[in-house]
Amino acid sequence: MASSVAPRESRPWHPGGGFIHEQLLRMQARAITSDGSQVEGRLTRMVGFTLEARGCMAAIGARCRVEGRNGQLIDAEVVGFEDDKLLLMPLGEPLGLQPGARVIPVAGGEKVSVGDALLGRVVDFQGLPLDGGGPIRTQNKVPIGGRTINPLQRQPVVEVLDVGVRAINSLLTVGGGQRLGLFASAGAGKSVLLAMMTRFARADVVVIGLIGERGREVQEFVASLKDQQGMENAIVVAAPADVSPVGRLRAAERATAIAEYFRDAGQRVLLLMDSLTRYCQAQREIALAIGEPPASKGYPPSTFARLGQLVERAGNGDRGAGSITAIYTVLTEGEETTDPVAEAARSVLDGHIVLSREFAEAGHYPAIDVEASISRVMTRVTDSSHQKLALAFKRLFSLYRRSADLIRVGAYTSGQDPQLDQAVALYPQMMEFLQQEMDSGVGFELALQQLAESINLGDQPHAQDPIDGDQVGSISSEPGR
């Protein structure tokens, strides 16, 4: 009986695929070695999303193309090996794969296309446009893994980066080249705060990595930026939750590589990564799939190694005046001390901003818990008068919060503690100071002026007391936070 399937040679060519395109890819793959070794292998096993191939050689991180049942090529990445067996993970849906499928290594390491043409665009983990704006034509390419910078040759953090958020500018001042964590539970308003910083930060370029988020949130975030003209100097790299674990890892690394390019060009870059937790979860999925044993709460050791490697790529560079100020969101539920990702992030970051669900549920935005938050470079980038103002505010705010239950039930009588009386009187305007409309930014100098007004500094003699600079940044009752 005649076959109903057309011969392979008769399949028509079409842009982005087709017979000729596939043959060119195969010819490229066959040319990668000249020592007589076999460069094509066969798919021998698939468990979950892990593919096993034999008969070909490729390094960790290399790309391969696996030929599906109908001749389509599915990209996969080498994530491990065992003896002569390669372990791969597909970048897309592995539909159509079957035993014995051809595995074709691809020449060269992965490069990231970079340039000014990326500004205002939204791309996926492979750099392909998601916004319908047509092809992105860039002239430069950089390695997706970045380059290692000697820590002794990094430029120090010496100047303020104005992020346009009053509470952060005044009480948790960010330095250019600092790396901060934004710790928040679901519904605490982290996306709102990130959108505000994208629009109002005094940065030359803003790079946003949306890693493992819901597709709806990606669309809403980008739409809100476009409505507020916040995309002009922004670049969004998105890998929603339905993208493979390898794709989520590569999206975070691509966003970081783009930020590194602009930093090395002398630009002040703000890198916003949402979220570091999803990045670690993607690495956990890969590591467990290839047999790495879990260590802490189901996370293999490689997860925390990758976390440190990603974070260390941000910061000031060793060339010129460029910087990457990075803010990574960390998802928290319940006690943070039991979350290994949150604890690991705290140990490698230069500070943390904690969002309070209690404030968010009360309609207080941004829902920043100033008592639990700290900027470890604030004393380096601000003067003593600013530090005294911030510490005076935090002392009064914390004093009221610690006594709030007594005040609410009427167990505290005015006149017993002069400082608490001042805190009670100033608490409403301090709470008003911490709130800010989502569609308006507050610059650094204005935030400092409003900070002094919020605590009536001229009438508060205790605010003029000498302050130990190491105390500025946190007055939480929990030491070390």
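1. Two aromatic rings, whether from Phe, Tyr or Trp, count as a pair if their centres lie within 6.5 Å. In this predicted model, F393, F397, Y400, Y427 and F433 form one aromatic cluster. The structure holds 6 aromatic pairs.

2. One of these pairs joins Y299 and F304, with ring centres 6.0 Å apart and planes at 50°, so the pair is tilted. The two residues should be described separately in terms of accessibility. Y299 has a relative accessibility of 6% and therefore counts as buried, while F304, at 24%, counts as partly exposed.

3. F393 and F397 provide a stacked pair, because their planes meet at 15° and their ring centres are 6.1 Å apart. Where do F393 and F397 lie? Both belong to helix α11, residues 384-402, and they are 4 residues apart, about one turn of the helix. Both residues are buried.

4. Two arginines deserve mention alongside the aromatic residues. The charged end of R284 sits over the ring of Y299, 4.2 Å from the ring centre. R166 lies over the face of F433, at 5.5 Å from the centre of that ring; F433 is also a member of the aromatic cluster described above.

5. How many disulfides does the structure contain? The count comes to 0. A disulfide is a covalent bond between the sulfur atoms of two cysteines. For C56, the closest cysteine sulfur is that of C64, and the separation of 5.5 Å is too far for a bond; the cut-off applied is 2.5 Å. C56 counts as buried, at 6% relative accessibility. Another cysteine, C280, is buried with a relative accessible area of 0%.

6. Strand β5, residues 85-90, is mostly covered, as 6 of its 6 residues are buried. In a regular strand the side chains alternate between the two faces of the sheet. In β5, K85, L87 and M89 point one way, whereas L86, L88 and P90 point the other way, and all are buried.

7. Which strands pair with β5? Strand β2, residues 50-54, runs antiparallel to β5 and is joined to it by 4 bridges. Strand β4, residues 73-82, also pairs with β5 in the antiparallel sense, over 6 bridges. L87 has a partner in each case: E52 stands opposite L87, and G80 has L87 as its bridge partner.

8. The connection between β4 and β5 is a hairpin with 2 residues between the strands. Within this hairpin, D83 takes a positive phi near 55°.

Key: Residues numbered from 1 in each chain as written. Predicted model: local features only at pLDDT ≥ 70, side-chain atom pairs only at ≥ 80, totals over all residues. Heavy atoms only, no water. Phe/Tyr/Trp six-rings, centres within 6.5 Å; stacked < 30°, edge-to-face > 60°. Buried < 20%, exposed > 50% of the residue type's maximum accessible area, 1.4 Å probe, protein only. Lys NZ or Arg CZ within 6 Å of the ring centre and 35° of its normal. Pairing = 2+ DSSP bridges.
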